[in-house]
Amino acid sequence: MSKNNNWSILLKGILKENPVLVLILGTCPTLATTTNVAGAFGMGIAAMVVLICSNMLISLLRKVIPENVRIPCYIVVIAGFVTIVQMIVQAYLPPLYEMLGVYLPLITVNCIILGRAEMFAGKNSVGKSALDGVGMGLGFTLALCAMATIREVLGAASFAGIAIPALEPYKIEVLVKAPGGMLVYGLLIALVFVITQGKAPLKKSFSCAGCPNAKHCHSACTEIADPANAETKEVQ
Amino acid sequence: MDLFKSLIVILLSSVLVNNYVLARFLGICPFLGVSKKLDQASGMGIAVTAVMLLATAVTWPIQYWVLEPLNLGYLQTIVFILVIASLVQVVELLLKKFIPALHKGLGVYLPLITTNCAVLGVAINNVTDGYTFIQSMVSSLGVGLGFLLAMVLFSGLRSRIDETGIPKPFRGLAVTLIAASFISLAFMGFAGIVDALFA
């Protein structure tokens, strides 16, 4: 039973609860770093390392961190690991560091990591949190690579920097530019919906579902619709 | 005069050419999440602009007067996010205490902004681009206004989308992203316009 359970924690991140395509978390790096496969893979691995480490540490500290200040605590833990990853990448993989630019420090505010801390690591044991980190990280990396493959092969006629001369005359350059990112992402979300139809958890109508801010988002929307509610929904 | 010209170039290029949402993919979550109605979209846009200006006003001196003299540049990410998060909290408390009317209008958006990557992104980018204090402030203003512009444009588009019949798999986020991609395509037309104006 528990073995099955662990497998499902690991596997759910890959398709059923894929952070990018089903939970719609971490949209910014998804769109920005998928212009080529190498950058997307690097981004995926970097985020996965941060996610596993922060999930484990937050799970270890879950009984120490007071409920009211948990979000700032999570952010500090995450920012610490991001800084470590950033320094390692800068030292050993300078081309990747150049390629990812500002998106590397911005892993700190990636909703996937904070979202998993809030939804999973803050409530589960260290081992399960690590597994969750691996699964979600893999799902993130795979989704990024899939998107980058589509965009790079069709948009730049190359794969991970290796040119494909046969496709050169047919390349659709707009795909590697900003609009192409959103277009491919939109089409992929629709495709995943068709594949997992009926199985995937119901997608919320807006993007930040599952992000710890989502409830504020929600309250922001409902408060305007219903001012009587405004006072009861304070920021924790 | 040169300073003035450089400020104009920074302002226009951060509003139109390097629009954070449509060209650089920062702040996508609120762009997709809070753009359903025009009043919410503009409220969020104004709040983000204000927080960006405040964050830059605080993080620029920290970077150049504290972190660099002490060789603590590697702490940039941690320090910036902490400063921005606490700043947002303080602003929210102050607004609530002293200007409750404004808090009712904008306060609800403030907590969302804490982990908005556009705010941290603009603070880090200003340092990476080597802007002076004034240039940084103008660039933050431009980025904020660009965000506001994108939000307002998009909320108009979305209210139309909601009224049309959309195939089931595309309902919700998929069609929203595709619509955003067309706005972004339109904004690509601005590329080069700023350089051409001042060449």
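Chain B of this predicted model contains 10 helices and zero strands, and reading along its sequence gives the succession α-α-α-α-α-α-α-α-α-α. Of the 199 residues in chain B, 53% count as buried. Among the contacts in chain B with a separation of 6 or more, 78% are accounted for by residues 24 or more positions apart. The surface that chain B exposes comes to about 8,700 Å², and carbon and sulfur atoms supply 71% of that area.

From the chain as a whole we can turn to its aromatic side chains. A search of the whole structure, taken over all chains, finds four aromatic pairs. In one of them, Phe31(B) and Phe154(B) are stacked, with 4.6 Å from centre to centre and 20° between the planes. The angle explains the label, because planes under 30 degrees apart count as stacked. This pair links distant parts of the chain, since Phe31(B) belongs to helix 2 (residues 28-33) of chain B and Phe154(B) to helix 8 (residues 133-161) of chain B, with their positions 123 residues apart in the sequence. Phe31(B) is buried, as is Phe154(B).

A further pair in chain B has another geometry: the ring centres of Phe187(B) and Phe190(B) are 5.3 Å apart and their planes stand at 70°, so this pair is classed as edge-to-face. The two partners can also be described by their accessibility. Phe187(B) has a relative accessibility of 8% and therefore counts as buried, whereas Phe190(B), at 26%, counts as partly exposed. The dividing value needed here is 20% relative accessible area, under which a residue is called buried.

Elsewhere in chain B, ring pairs link Trp60(B), Tyr64(B) and Phe133(B) into a cluster. An aromatic ring is also involved in a contact with a charged group, for the charged end of Lys97(B) sits over the ring of Phe98(B), at 5.7 Å from the ring centre.

The next step is the contact between the two chains, to which chain B contributes 46 residues and chain A contributes 49 residues. The area buried between chain B and chain A is about 4,300 Å², and carbon and sulfur atoms give 76% of this area. Where, then, do salt bridges stand in this picture? Across the interface of chain B and chain A the rule finds zero salt bridges, while the count over all chains comes to four.

Side chains of opposite charge can pair when their charged atoms come close. Chain A offers several examples, and Arg70(A) is a convenient place to begin. Arg70(A) forms a salt bridge with Glu67(A), in which the closest N and O atoms are 3.7 Å apart. Arg70(A), with a relative accessibility of 14%, counts as buried, whereas Glu67(A) is exposed, with a relative accessible area of 57%. Arg70(A) also meets the side chain of Glu118(A) in a salt bridge, with an N to O distance of 2.8 Å. Because Glu118(A) lies in helix 6 (residues 111-121) of chain A and Arg70(A) in helix 4 (residues 70-92) of chain A, this pair ties together parts that are 48 residues apart in sequence. Glu118(A) counts as buried, at 14% relative accessibility.

Helix 6 of chain A also holds Arg116(A), whose partner Asp132(A) lies in helix 7 (residues 126-156) of chain A, so that this pair ties together parts that are 16 residues apart in sequence. The side chains of Arg116(A) and Asp132(A) meet in a salt bridge with an N to O distance of 3.0 Å. Arg116(A) is buried, with a relative accessible area of 3%, and Asp132(A) counts as buried at 0% relative accessibility. Returning to the bridges of Arg70(A), shared partners join Glu67(A), Arg70(A) and Glu118(A) into one network.

A last residue of chain A takes the reader from the helices to a loop. Thr33(A) lies in the loop between helix 2 (27-32) and helix 3 (37-60) of chain A. At 6% relative accessibility, Thr33(A) counts as buried. If residues up to four places away in sequence are set aside, Thr33(A) touches Gly39(A), Ala40(A), Met43(A), Leu100(A), Tyr103(A) and Leu144(A).

Key:
Residues are numbered from 1 along each chain as its sequence is written. Chains are lettered from A and ligands numbered from 1 in the order in which they are written. This is a predicted model: local features need pLDDT of at least 70, side-chain atom pairs count only at pLDDT 80 or more; totals for chains, interfaces and linings use all residues. Side-chain values use heavy atoms; hydrogens and water are left out. Rings of Phe, Tyr and Trp (its six-membered ring) pair if their centres lie within 6.5 Å; planes under 30 degrees apart count as stacked, over 60 as edge-to-face and the rest as tilted. Helices (H or I, at least four residues) and strands (E, at least two) are DSSP runs, numbered from the N terminus. Buried means under 20% relative accessible area, exposed over 50%, partly exposed in between (1.4 Å probe, protein chains only). A charge sits over a ring if NZ of Lys or CZ of Arg is within 6 Å of the ring centre and within 35 degrees of the ring normal. Contact means heavy atoms within 4.5 Å. Accessible areas come from the Shrake-Rupley method with a 1.4 Å probe; for residues, only the protein chains shown count as cover. Buried area is the accessible area (1.4 Å probe) that two parts lose on being put together, summed over both.
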